[in-house]
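Work through the exercises below with the coordinates open. Each task is followed by a stepwise solution.

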Amino acid sequence: MFCKNCGQEYMTDQAIVCTRCGVQKGIGNQYCPNCGQPVMQGAQYCMNCGVATQTLYGMQSGKSKVAAGLLGIFLGAFGVHNFYLGYTGKAVIQLVLTIATCGFGATISGIWGFVEGIMILTGGIRTDADGRFLSE
């Protein structure tokens with residue numbers, strides 16, 4: 001994660017302000033928050049990595065990281081955590097895999113959901129489908 005104001009990489013994901021320029025995390029429009037490369041004024045996407053620069057990226061989500069992680073661990077076979085985070089396509093695939101196979105596919109989608117739940121809790125997945133950071 002990079003500062004959108006100066007392009008400096010944040011030391012930790014928990015940083016609130018940039019240690020280089022002192023600007024609050026998520027504020028600015030001169031650098032890409034994903035790769036740290038300069039972006040053209042008013043550009044909607046980074047030409048280096050393709051990430052949207054003028055969206056809700058970097059703002060806090062009202063969705064809980066702990067809730068999403070626990071939903072993934074305990075109800076991951078049904079894709080509940082992905083529905084919660086707004087990843088509807090992935091959630092439907094997990095749900096169909098479980099139901100259409102009369103439960104035999106639940107092992108696969110259950111492991112898939114369990115792994116995603118752990119990734120959410122450890123910070124491997126940090127945003128919802130809109131690009132907003134999950135709240136602690």
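**Exercise 1. Aromatic rings and charges**

Task: How many aromatic pairs does the chain hold? Over which rings does the charged end of K25 sit?

Solution. Note first that this is a predicted model.
- Step 1. Apply the pair cut-off: ring centres must lie within 6.5 Å. The count of aromatic pairs comes to zero.
- Step 2. Turn to charges. The charged end of K25 sits over the ring of Y10, at 5.2 Å from the ring centre.
- Step 3. Check F133 too. The charged end of K25 also sits over the ring of F133, with 5.4 Å to that centre.

**Exercise 2. Cysteines**

Task: How many disulfides does a search of the whole structure find? Explain the result for C21 and for C49.

Solution.
- Step 1. The search returns zero disulfides.
- Step 2. Take C21. The nearest cysteine sulfur belongs to C3 and is 3.7 Å away, and C21 is in no disulfide.
- Step 3. Recall the cut-off: two cysteine sulfur atoms must be within 2.5 Å.
- Step 4. Take C49. Its closest cysteine sulfur, in C32, is 3.5 Å off, so the pair is too far apart for a bond.
- Step 5. Add the exposure. C21 is partly exposed at 31% relative accessible area. C49 is partly exposed as well, at 32%.

**Exercise 3. The chain as a whole**

Task: Which pattern of helices and strands does the chain follow along the sequence? How much area does the chain expose?

Solution.
- Step 1. Count the elements: four helices and two strands.
- Step 2. Read them in order. The pattern is β-α-α-α-α-β.
- Step 3. Take the extent. The C-alpha trace spans about 55 × 25 × 20 Å along its principal axes.
- Step 4. Take the burial. Of the 136 residues in the chain, 36% are buried.
- Step 5. Take the surface. The exposed area is about 7,700 Å², and carbon and sulfur atoms supply 62% of it.
- Step 6. Take contact range. Among contacts between residues at least 6 apart in sequence, 43% join residues at least 24 apart.

**Exercise 4. V51**

Task: Where does V51 lie, and which residues does V51 touch beyond its sequence neighbours?

Solution.
- Step 1. V51 lies in the segment before strand 1, which covers 60-64.
- Step 2. Leave out residues up to four places away in sequence. V51 then touches C32, N34, Q44, Y45 and C46.
- Step 3. Look closer at N34. Its C-alpha is 6.8 Å from that of V51, although 17 residues along the chain separate the two.

**Exercise 5. Two polar residues in helices**

Task: Are N82 and S109 buried or exposed? Which side chains do they meet in polar contacts?

Solution.
- Step 1. Place N82 in helix 2, residues 80-85.
- Step 2. N82 has 2% relative accessibility, so it counts as buried. The cut-off for buried is under 20%.
- Step 3. The side chains of N82 and Q94 form a polar contact of 2.8 Å.
- Step 4. Widen to all contacts more than four places away. N82 touches Y87, T88, K90, A91, Q94 and E116.
- Step 5. Place S109 in helix 4, residues 106-122. S109 has 0% relative accessibility and is therefore buried.
- Step 6. The side chains of S109 and T98 form a polar contact of 2.6 Å.
- Step 7. Beyond four places in sequence, S109 is in contact with G76, A77, Q94, L97 and T98. Q94 thus appears in the contacts of N82 and of S109.
- Step 8. Compare A91. Its C-alpha is 9.9 Å from that of S109, 18 residues away along the chain.

**Exercise 6. A backbone angle**

Task: What is the sign of phi at C102, and where is C102 placed?

Solution.
- Step 1. Start from the rule. Most residues other than glycine have a negative phi.
- Step 2. C102 is not a glycine, yet its phi is positive, about 55°.
- Step 3. C102 is placed in the loop between helix 3 (88-100) and helix 4.
- Step 4. With 69% relative accessibility, C102 counts as exposed.

Terms used. Residues are numbered from 1 along each chain as its sequence is written. This is a predicted model: local features need pLDDT of at least 70, side-chain atom pairs count only at pLDDT 80 or more; totals for chains, interfaces and linings use all residues. Side-chain values use heavy atoms; hydrogens and water are left out. Rings of Phe, Tyr and Trp (its six-membered ring) pair if their centres lie within 6.5 Å; planes under 30 degrees apart count as stacked, over 60 as edge-to-face and the rest as tilted. A charge sits over a ring if NZ of Lys or CZ of Arg is within 6 Å of the ring centre and within 35 degrees of the ring normal. Buried means under 20% relative accessible area, exposed over 50%, partly exposed in between (1.4 Å probe, protein chains only). Contact means heavy atoms within 4.5 Å. Accessible areas come from the Shrake-Rupley method with a 1.4 Å probe; for residues, only the protein chains shown count as cover. A polar contact is a pair of N or O atoms within 3.5 Å; within protein, one must be able to donate a hydrogen and the other to accept it, and residues adjacent in sequence count only if both atoms are side-chain atoms.
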